Amino acid sequence: MPVAKLFALAEIKLMGQSLFRHDFLSLLCMKIITIIMLALLMACNNPENTIKENNNNVPVNADTSINNNITGCYIQVLQRDSTFAKLKQEGNQVSGTLMFDNYEKDGSAGTLTGTRDGNILKLRYDFQSEGLSSVMDLFFKIEGDQLVRGIGDMTTKGDTAYFTNPSLISYPPGTTLNKISCDSLKN
C-alpha cells in the first residue's frame with residue numbers, strides 16, 4: 001500500500017476527519033495567541049504601580065496617587081439627597097466647604113478644615129443646620145478621584161460630634177463622593 005494511502009487511512013481512523021492538518025493549524029493558532037497574550041501582558045506592565053519594599057521588608061504600594069493634591073469639587077447623589085464639597089489642599093492642610101442637600105429633611109452647609117494623613121482626610125465640619133451651629137468630625141479615604149466617607153461610632157459633647165475611636169472607622173461603598181469639574185457646579 002502506498003504511503004499516501006496509509007497516511008489518509010490513519011487520518012480517518014483517528015478522528016473521522018483531517019486530524020493531522022487540523023491539529024497542526026490548531027497548534028499554530030494556539031502558539032500565536034499565546035505569544036500575543038504574553039506581549040500584551042509585558043506591554044501592560046507599568047513599573048509605577050509595582051510593589052516595592054521598604055527597609056523593613058514590608059511591601060509598600062508604589063502608587064503615588066495618594067500624594068496627589070485633592071483640590072477640587074466632589075459630589076454624591078443618593079436618590080434625592082446630594083452632597084457637594086469644594087476642597088483646597090496646601091501641603092497637608094485641607095480646607096473648603098461642604099453642603100448636604102437632603103430631600104424632605106433639613107440640610108446643612110458649612111466649612112471644612114483639617115489635615116491629610118496619607119490617603120485619609122481628617123476634617124472638622126463647622127456648619128449651620130436648623131438655625132443651630134454645630135461641629136462634626138468627618139474622615140474621608142482618598143481613592144483615586146473619589147472620597148469615601150468614613151463611618152464609625154460618634155459621641156457628642158456640647159455642639160460637637162466626634163469619632164469615639166478613629167482607628168475603627170470603616171469606609172464602605174455607597175458613601176463615595178466623585179470628583180467633578182467645579183465649573184459644572186456653577187449652573
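The protein has 2 helices and 12 strands. The model is predicted. Along the sequence the order is α-α-β-β-β-β-β-β-β-β-β-β-β-β, with both helices ahead of the strands. Of its 187 residues, 24% count as buried. Among contacts with a separation of 6 or more, 32% join residues 24 or more positions apart.

**Largest pocket**

- The volume of the largest pocket is about 260 Å³.
- Its lining comprises 15 residues, and those closest to the centre are Gln76, Thr83, Phe100, Asn102 and Arg149.
- Three strands each supply at least two lining residues: β3 (72–78), β4 (81–90) and β7 (120–129).
- Strand β4 contributes the most, with 3 residues.
- By residue class, the lining splits into 6 nonpolar, 6 polar and 3 charged.

**Disulfide**

- The structure contains 1 disulfide.
- The bond runs between Cys73 and Cys182, with an S to S distance of 2.0 Å.
- This pair ties together distant parts of the chain, 109 residues apart.
- Cys73 sits in strand β3, while Cys182 lies in the segment after β12 (176–180).
- The link of Cys73 and Cys182 is right-handed, with 110° about the S-S bond.
- Cys73 has a relative accessible area of 1%, so this residue is buried.
- Cys182 is at 24%, so this end of the link is partly exposed.
- The cut-off for buried is under 20% relative accessible area, which Cys73 meets at 1% and Cys182 misses at 24%.

**Salt bridges**

- Side chains of opposite charge can pair when their charged atoms come close.
- Across the whole structure, a search finds 3 salt bridges.
- Glu90 pairs with Lys88, with 3.1 Å from N to O.
- Lys88 is partly exposed, at a relative accessible area of 45%.
- Lys122 pairs with Asp117, with 3.3 Å from N to O.
- Both partners of this bridge are partly exposed: Lys122 has 33% relative accessibility, and Asp117 has 47%.
- Asp126 pairs with Arg124, and their closest N and O atoms are 3.3 Å apart.
- Here too each side chain belongs to a partly exposed residue, with Asp126 at 26% relative accessible area and Arg124 at 41%.

**Ser82 and its surroundings**

- Ser82 belongs to strand β4.
- Is Ser82 buried or exposed? Its relative accessibility is 13%, so Ser82 counts as buried.
- Which residues does Ser82 touch, leaving aside those up to four places away in sequence? The contacts are Gln76, Val77, Met99, Phe100 and Asp101.
- Two of these contacts, Gln76 and Phe100, are also named among the residues closest to the centre of the largest pocket.

**Where topics meet**

- Strand β3 holds Cys73 of the disulfide, and β3 also supplies at least two residues of the pocket lining.
- Strand β4 holds Ser82, and β4 gives the most residues to the pocket lining.
- Strand β7 spans 120–129 and supplies at least two lining residues. The bridge of Asp126 and Arg124 falls within that span.
- Lys122 lies in the span of β7 as well, and Lys122 bridges to Asp117.

Note on methods
Residues numbered from 1 in each chain as written. Predicted model: local features only at pLDDT ≥ 70, side-chain atom pairs only at ≥ 80, totals over all residues. Heavy atoms only, no water. 1 Å grid on protein atoms, 1.4 Å probe; cavity = no way out; pocket = protein on both sides within 12 Å on 5 of 7 lines; lining within 4 Å. Points joined across faces, edges and corners; volume = space filled by probe spheres on them. Helix = DSSP H or I, 4+ residues; strand = E, 2+ residues; numbered from the N terminus. Nonpolar A, V, L, I, M, F, W, Y, C, P; charged D, E, K, R; others polar. Disulfide = S-S within 2.5 Å. Buried < 20%, exposed > 50% of the residue type's maximum accessible area, 1.4 Å probe, protein only. Salt bridge = Lys/Arg side-chain N within 4 Å of Asp/Glu carboxyl O. Contact = heavy atoms within 4.5 Å.
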